[in-house]
Each structure stands twice: as structure tokens, then as C-alpha cells.
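Trainee: Could we go through this structure together, starting from the overall fold and working down to single residues?

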Amino acid sequence: MIFLQLFWEFFKTGLFAVGGGMATIPFLKDIAQRYPWFTPHELLDMLAVSESTPGPIGVNTATYAGFRAAGLPGAITATASLVLPSVIIVILVSRALDRFRDSSLVQDGFYGLRPASTGLILGAMLEVFAASLLHLDRWGGLATLSAVIDLPALAFFLLMTLAIRKLPRLHPILFILIGAVCGVLLRF
């Protein structure tokens, strides 16, 4: 039964998460709330590891979640079911696109997908930002700003953003390593 659940949930995620790996985050958050496979906090850890390792974010998180739920067979099931819709769609679209390449309906459909994928990615970014830098559980009438905002993490975020803009020639791996080391040392 768990394999059917894994297959169905990650198939839906792969089918509707238009726009890449970051667009899978709202779907993964929903899965975390409905199933005991991973917690929302573990989802943030999965995203951090997925961003730091080779491969697409969605595939890495599906593999991890499937492994947590049902071991190696679960990892294979979740990963394959996440990728399957893309494989099917690419085959169908490549065949149909040759026939309907000049159709205004097809061009308008692709144009309409842009804001949808942008919205999914923006929503995911705001979720990760809020979960990483804000303590919304402490929000209340008497809470001070420093109790709600993780000030060291926010300062580090702003410092890294400034460094990336001022030092564009440095390789992104260096920033990932600096972030990992600071996260461990400062316990962000």
C-alpha cells in the first residue's frame, strides 16, 4: 500500500510542478503534512542537501522521502514516479510540437505556463525564506522583533547576498561551503 501512495503522490507532484525543482516545494510541503514520511522541518533539511548535491532538487527530495518511507524500493518508486510524467509529456509534446509548431493556441499555452511556474517558484522561495529566517511560532502581541526574526541568520543572508553581487567571479560552490560551515558553527 505504501508503494502505491508513494507512486501516486510523487506522480502528481511530477505532473503538476511546472517550472522545475523549486516548484515541487509546495507539493512536498503538502505531502509532509499528510504523511509521516518526513516532517516540514526535515523538508528544509532535504532542500538544503538537495541544493548542495548534484541533480535536480525534486528528484533528490523524492529519493530521500521515498527512502525514509520504505527504504531503497521506496526511493526507487518515488523517484521514478516523479520523473514519469515528464518523460510521458516530453514524448507526447515532441511528437505534437512538430505538427502544431506554428499554432497560436500552442504558443499561447506555453506563454500561459510562464506565470504559473513563476508563481510556484516565488511561493516556494517565500516559504523557504520564512522558515529559515523567521520564527513565526513566536509571533504574538508581545513578541519583540528579535524574537521573531533570526537576526544572525538574516545578517548572514544579507552578507552572502552582498558578497555574491560584489564578487561575481567566485565560484558558487565556495558560497555553498561557506554557508554550510557557518550553519554548522553558528547553528542556524
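Here is a conversation about the fold, the core, a helix pair and the salt bridges.

Trainee: Happy to start with the overall picture: how many helices and how many strands are in the protein chain?

Mentor: Keep in mind that this is a predicted model. Its C-alpha trace spans about 60 × 45 × 40 Å along the principal axes, and 26% of the 188 residues count as buried. From the N terminus on, the order of elements reads α-α-α-α-α-α-α-α. The count is therefore eight helices and zero strands.

Trainee: What share of the contacts with a separation of 6 or more comes from residues 24 or more positions apart?

Mentor: Good one to ask of a helical chain. Here we set aside pairs with a separation below 6 and look at those 24 or more positions apart. Their share in the protein chain is 52%.

Trainee: Now the interior: which element gives the largest share of the largest nonpolar core?

Mentor: This core has 19 residues, and Leu-6, Phe-10, Leu-28, Ile-31, Trp-37, Phe-38 and Leu-43 touch the most other members. Helices H1 (2-16), H2, H3 and H4 (57-100) each give two or more residues to the core. The largest share, six residues, comes from H4.

Trainee: Which residues does Phe-10 contact, leaving aside neighbours within four places in sequence?

Mentor: Phe-10 is one of the core residues that touch the most other members. Beyond its sequence neighbours, the partners of Phe-10 are Leu-28, Ile-31, Trp-37, Ala-62, Ala-65, Ala-78, Ser-81 and Leu-82.

Trainee: At what angle do the axes of H2 and H3 cross?

Mentor: Two packed helices are described by the angle between their axes and the distance between the axes. For H2 (residues 25-34) and H3 (residues 40-52), the axes come within 9 Å. The crossing is right-handed, and its angle is roughly 145°.

Trainee: And how many nonpolar, polar and charged residues make that contact of H2 with H3?

Mentor: H2 brings Ile-25, Leu-28, Lys-29 and Ala-32, while H3 brings Pro-40, Leu-43 and Leu-47. Lys counts as charged and the others named here as nonpolar. By class, that gives six nonpolar, no polar and one charged.

Trainee: Turning to charges, is Glu-9 buried or exposed?

Mentor: The cut-off for buried is under 20% relative accessible area. Glu-9 has a relative accessible area of 4%, so Glu-9 is buried.

Trainee: Which residue of H2 pairs with Glu-9, and why does the pair tie together separate parts?

Mentor: Side chains of opposite charge can pair when their charged atoms come close. Here the closest N and O atoms of the salt bridge are 2.6 Å apart. Because Glu-9 lies in H1 and its partner in H2, the pair ties together parts that are 25 residues apart in sequence. The partner, partly exposed at 42% relative accessibility, is Arg-34.

Trainee: Which residues are linked in a network of salt bridges?

Mentor: Within H1, Glu-9 also bridges to Lys-12, three residues away, with the closest N and O atoms 3.5 Å apart. Within H2, Asp-30 and Arg-34 are four residues apart, about one helical turn, and their closest N and O atoms are 2.9 Å apart. Lys-12 is partly exposed at 24% relative accessible area, and Asp-30 is partly exposed at 32%. The linked residues are Glu-9, Lys-12, Asp-30 and Arg-34.

Conventions
Residues are numbered from 1 along each chain as its sequence is written. This is a predicted model: local features need pLDDT of at least 70, side-chain atom pairs count only at pLDDT 80 or more; totals for chains, interfaces and linings use all residues. Side-chain values use heavy atoms; hydrogens and water are left out. Axes are lines fitted to C-alpha atoms, for helices over the stretch in contact, and angles run from 0 to 180 degrees between N-to-C directions. A crossing is left-handed if the near helix is turned anticlockwise from the far one by less than a right angle, and right-handed if clockwise. Contact means heavy atoms within 4.5 Å. A nonpolar core is a set of buried Ala, Val, Leu, Ile, Met, Phe, Trp, Tyr and Cys residues joined through side-chain atoms within 4.5 Å. Buried means under 20% relative accessible area, exposed over 50%, partly exposed in between (1.4 Å probe, protein chains only). A salt bridge is a side-chain nitrogen of Lys or Arg within 4 Å of a carboxyl oxygen of Asp or Glu.
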